[in-house]
Amino acid sequence: MSDVESNPSTETQLRFRGGRLVSALPITFFIVWAIVQSGLLGIGDTTGLVIGMLVGLIVGLFLVKGPWKDYADVIFEGMTRRVAATAIVAWLWAGMFAQTIQVGGFVDGLVWAATALSVGAALFPALTFLFAALLATGIGTGYGTAIAFTGLVFPAGILIGADPVLMFGSILSGAVFGDNLAPVSDTTIVSAVTQNADIGGVVASRVKYAIVAAALAFVGYLVAGAQMAGQPMNVGGDVAAGVGPVGLVHLFSIAVVIATAVAGRHIIEAVSWGLVVSVVLNLVLGLAGPSDMIAFNAPENAALVSQLDAIPLVGAFIVPVAPADAGVGGSLYTGASGFFPLIVLTVLLVASAEIMRAGGGFDAIQDFLVQSVATTVRRAELTMVLGTALVNATVTINTAAEIAIAPYIRNLGERFNINGYRRANILDANTSALGYIFPWGGGLLAGYGAMQNLVNSQATPWFTQEMLVNPASVFPYVFHGWFLVGVFIIAAWTGFGREYVPDRQSEEVSRV
């Protein structure tokens, strides 16, 4: 975890006209842009958010003191942070996996199963939350879960009449649960390591908080599901043309990913094995052809196209088309390419967070909280909760936000003799939850990117642009995220679960 153990004193520092808080201007400009674009104008366009972040970075350039080169160097330092690369890789692999299962008829299989088991629109969001939580806990990536479930389970819920906004919220809630509790989650590891606590002890100590929030969220989805349920969509012909129950064979593909991840293998290896299995099942069972997964849509009048198309193995991947329709397609292509705008936005967001670090913005905020607010143990813990919330409102990649505020949580906790387990739990709960709540949060946008891939796709031809959920409309329905934050506010106020250093000694910290 090189990002966790880096020494800020050896990195580029910036000074801004107006003081340290001005270093937050680029990311503040972006947040205002996101609120106007998504919230006020109702435009759910990730590329538009990219422009907002670029303009924010340019505005910040004119307020920096000293050489502009230093400002540019800090942008590059941020863009090369490993935390951004980790999120990006998870999105790409999860996107390819979800799309490949989707062309194999998994959505049709889910609709068939829901009908056969009489699981209606009222119950579907609550069950979606449970299964998303299980997957996220097993594979350790909430982002990957948000992508997979939005691409696979979300359209099935829409078909049977579940409310789209509630469905999306239930998926994001499940992602929050897994990000918070999974032993192999980046946020779990960072929260433990930065607070000098062992990972196993941290996970065991946070179960009580996660279960309370999850139980409340489950009830919330049952109640809201009954209130917001609609009628099944009239697209019977499209679904009947699919593969029906046979598509459920891809439950085995998902099981392979979970089992491999639980066995301790890297998430890239786990998803890659699941991807291989899904491709084999598609081909062997005739659920999808080679060109459904990789298609070279070549101009029919291009040289050698007819000759290559005649070669058995090669021709299976070549689709002669009109010159205007030429390009590369298939589930692997669409699964990855749909996240390209989000990838650009992510590296720019991490760069803006690096500017805030280099300019002292984080230091200014935390100095105020530590010196003026945290005067008792109760107020110190409330400051931890609210401080992590504030950082997550600006740094929208949850692991990056956790890394940014972790030193302050450790210093403040040690000042009041608060145990490392307790500090790690407070740190992780907010960073896991709020990254999926704010409309500009990385987890929410990852799921939204998967939703955009559904529009007019081969597997969901009935899904139109009008069915997309506006990112600004879902935040009230991420029930587990809100309840998890609420649980820790109550715990900080009442002292529930509070431990001091002498109460329990951490094992040697696991470095991974």
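Visitor: How much space lies in the largest cavity?

Guide: In this predicted model, the largest cavity holds about 130 Å³ of space.

Visitor: What makes it a cavity and not a pocket?

Guide: A cavity is a set of grid points where a 1.4 Å probe fits but cannot get out, whereas a pocket is an open set. The search of the whole structure returns three cavities of 30 Å³ or more; the space of about 130 Å³ is the largest cavity, and therefore a probe placed there cannot get out.

Visitor: Which residues line the largest cavity, and which elements give two or more of them?

Guide: The lining consists of 17 residues, and A94, F97, I139, G144 and A148 lie nearest the centre. Two or more residues each come from α4 (82–103), α6 (124–139), α7 (142–160), α12 (251–262) and α13 (267–284). Helix α4 supplies the largest share, five residues.

Visitor: What is the chemical character of that lining, by class?

Guide: It divides into 15 nonpolar residues, two polar and no charged. Asp, Glu, Lys and Arg are the residues that count as charged, so none of these four types belongs to the lining. Among the residues nearest the centre is G144; Gly counts as polar under the classification, so G144 is placed in the polar class.

Visitor: What is the volume of the second largest cavity, and what surrounds it?

Guide: The second largest cavity has a volume of about 60 Å³. Its lining has 10 residues, with Q366, T383, Y408, I409 and L412 nearest the centre. The elements giving two or more residues are α19 (361–373), α20 (377–394) and α21 (398–415), and the largest share, four residues, is from α21. By class, seven residues of this lining are nonpolar, three are polar and none is charged.

Visitor: Why are β4 and β5 called edge strands of the sheet?

Guide: The sheet is open, has three strands in the order β4-β3-β5, and shows mixed pairing. Strands β4 (318–321) and β5 (327–329) each have a single partner strand, so one side of each lacks a neighbour in the sheet. From one strand to the next, the twist averages 30 degrees.

Visitor: How do you know that β3 and β4 are paired?

Guide: Pairing requires at least two bridges between the strands. Four bridges join β3 (residues 295–299) to β4, and the two run parallel; the requirement is therefore met. As an instance, A298 has P320 in β4 as its bridge partner.

Technical notes
Residues numbered from 1 in each chain as written. Predicted model: local features only at pLDDT ≥ 70, side-chain atom pairs only at ≥ 80, totals over all residues. Heavy atoms only, no water. 1 Å grid on protein atoms, 1.4 Å probe; cavity = no way out; pocket = protein on both sides within 12 Å on 5 of 7 lines; lining within 4 Å. Points joined across faces, edges and corners; volume = space filled by probe spheres on them. Axes fitted to C-alpha atoms, helices over the stretch in contact; angles between N-to-C directions.
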